[in-house]
Amino acid sequence: MTIKEALRKASTELKQNNIPSSDLDSEVLLEYVLKRHGFDRAKILAYPETEINAQDQNKYFELIKRRAQREPVAYITKDKEFFGISFYTDKRVLIPRPETEILVEEALKTTKKKAETQARIKIIDIGTGSGCIAVTIQKAIQEKFPQLKDKVEIHASDISLGALTVAETNLKKHGLQEKIKLHQSDLFKNIKGKFDLICANLPYLSKKDYSLVDQEIKNYEPKKSLKGGDEGVDLYLKLFDQIPDHIKKEAQLLIEIHPYQKEALVKAAKEKFKHLKDHTVEDLNHQERVLAMQFQ
């Protein structure tokens, strides 16, 4: 069987199972199988008449069967790109999503601004999961803003030991074991010290939101990483209760939210903190996705 024939058969099978990205997924999974032979997607498409051996054919169609059952590609390949960076990903963590890149961009803007007046900047990523936020911030500092690398100290925490194991794998993958300190903690419960910047992409789906998500998400991604209580804000409200002991003067909090949650979260925060400044950052669909709060 040639590459062209395999892709056609695979794509047809995925389409029959209502997988919308059938062509792309077929190519990505074939790349995963053939990469040991030096084939990336570009080479796969450039040499469609190349024969695939029986062993690779069997492996490929086993993966296609898993995808036809709606298992996410990221869990099949154990890889997901985020901010142009490859992350090890498995069922212990939420699959990194493009919306969260907006939070990273805002974190980098905040860090650069604080570096203008501060000698040291201490950052923590609460609920780190795969570690994609902390790793991306650290890599950006090292590669794009080297003038900041001696000023920034990054920590990352998660309540899940499984998630921290995945995060540790990604730290090792990118050579950052000595640059990012991991903590097992329920939000700030086991964290000591104060921070200049707190990033958090905590579970924020309400019961209604969760009932409407795709079955692919419900069946495979960890519920504890998605469900945030009746209105989706339970963990953020809990975080607000713990923050006072962990913020420096003019510290900033960045959280990923559902747009309709902004009003309730800002109201709750302003009841707890005086002179709070807030603004939101929109995603590519012009939805308010990141809520930024600066404490005075």
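A residue is called buried when its relative accessible area is under 20%, exposed when that value is over 50%, and partly exposed in between. I begin with that convention, colleagues, since the first part of this talk relies on it. The model before you is a predicted one.

Let me turn to charged pairs. Side chains of opposite charge can pair when their charged atoms come close. In this structure there are 21 salt bridges, and I shall take three of them individually.

The first to discuss is the pair formed by Arg66 and Glu71, whose closest N and O atoms lie 2.8 Å apart. Is Glu71 buried or exposed? Its relative accessible area is 6%, so Glu71 is buried. Arg66, by contrast, has a relative accessibility of 28% and therefore counts as partly exposed. This salt bridge thus joins a partly exposed arginine to a buried glutamate.

Next, please look at Lys270, which forms a salt bridge with Asp278; here the closest N and O atoms are 3.3 Å apart. Lys270 is partly exposed, at 44% relative accessibility. Asp278, at 28%, is also classed as partly exposed.

The third pair is Arg289 with Asp283, with 3.1 Å between the closest N and O atoms. What is the relative accessible area of Arg289? The value is 12%, which places Arg289 among the buried residues. Its partner Asp283 has a relative accessibility of 7% and is likewise buried. Elsewhere, salt bridges with shared partners link Asp25, Arg67, Arg70, Asp214 and Glu216 into one network.

I now move to helix packing. Two packed helices are described by the angle between their axes and the distance between the axes. My example is helix 6, residues 99–115, and helix 7, residues 132–143: their axes come within 10 Å and cross at roughly 45°. Why is helix 6 described as oblique to helix 7? An angle of roughly 45° is neither under 35 degrees nor over 145, and falls outside the 65 to 115 range, so the pair counts as oblique. The crossing of helix 6 and helix 7 is right-handed.

Which residues make this contact? From helix 6, the participants are Thr100, Leu103, Val104, Ala107, Leu108 and Thr111. On the side of helix 7, they meet Ile133, Thr136, Ile137, Ala140 and Ile141. Sorted by class, the contact between helix 6 and helix 7 comprises eight nonpolar residues, three polar residues and no charged ones.

That concludes the presentation, and I thank you for your attention.

Key:
Residues are numbered from 1 along each chain as its sequence is written. This is a predicted model: local features need pLDDT of at least 70, side-chain atom pairs count only at pLDDT 80 or more; totals for chains, interfaces and linings use all residues. Side-chain values use heavy atoms; hydrogens and water are left out. A salt bridge is a side-chain nitrogen of Lys or Arg within 4 Å of a carboxyl oxygen of Asp or Glu. Buried means under 20% relative accessible area, exposed over 50%, partly exposed in between (1.4 Å probe, protein chains only). Axes are lines fitted to C-alpha atoms, for helices over the stretch in contact, and angles run from 0 to 180 degrees between N-to-C directions. Helices (H or I, at least four residues) and strands (E, at least two) are DSSP runs, numbered from the N terminus. A crossing is left-handed if the near helix is turned anticlockwise from the far one by less than a right angle, and right-handed if clockwise. Contact means heavy atoms within 4.5 Å. Ala, Val, Leu, Ile, Met, Phe, Trp, Tyr, Cys and Pro count as nonpolar, Asp, Glu, Lys and Arg as charged, and the others, Gly among them, as polar.
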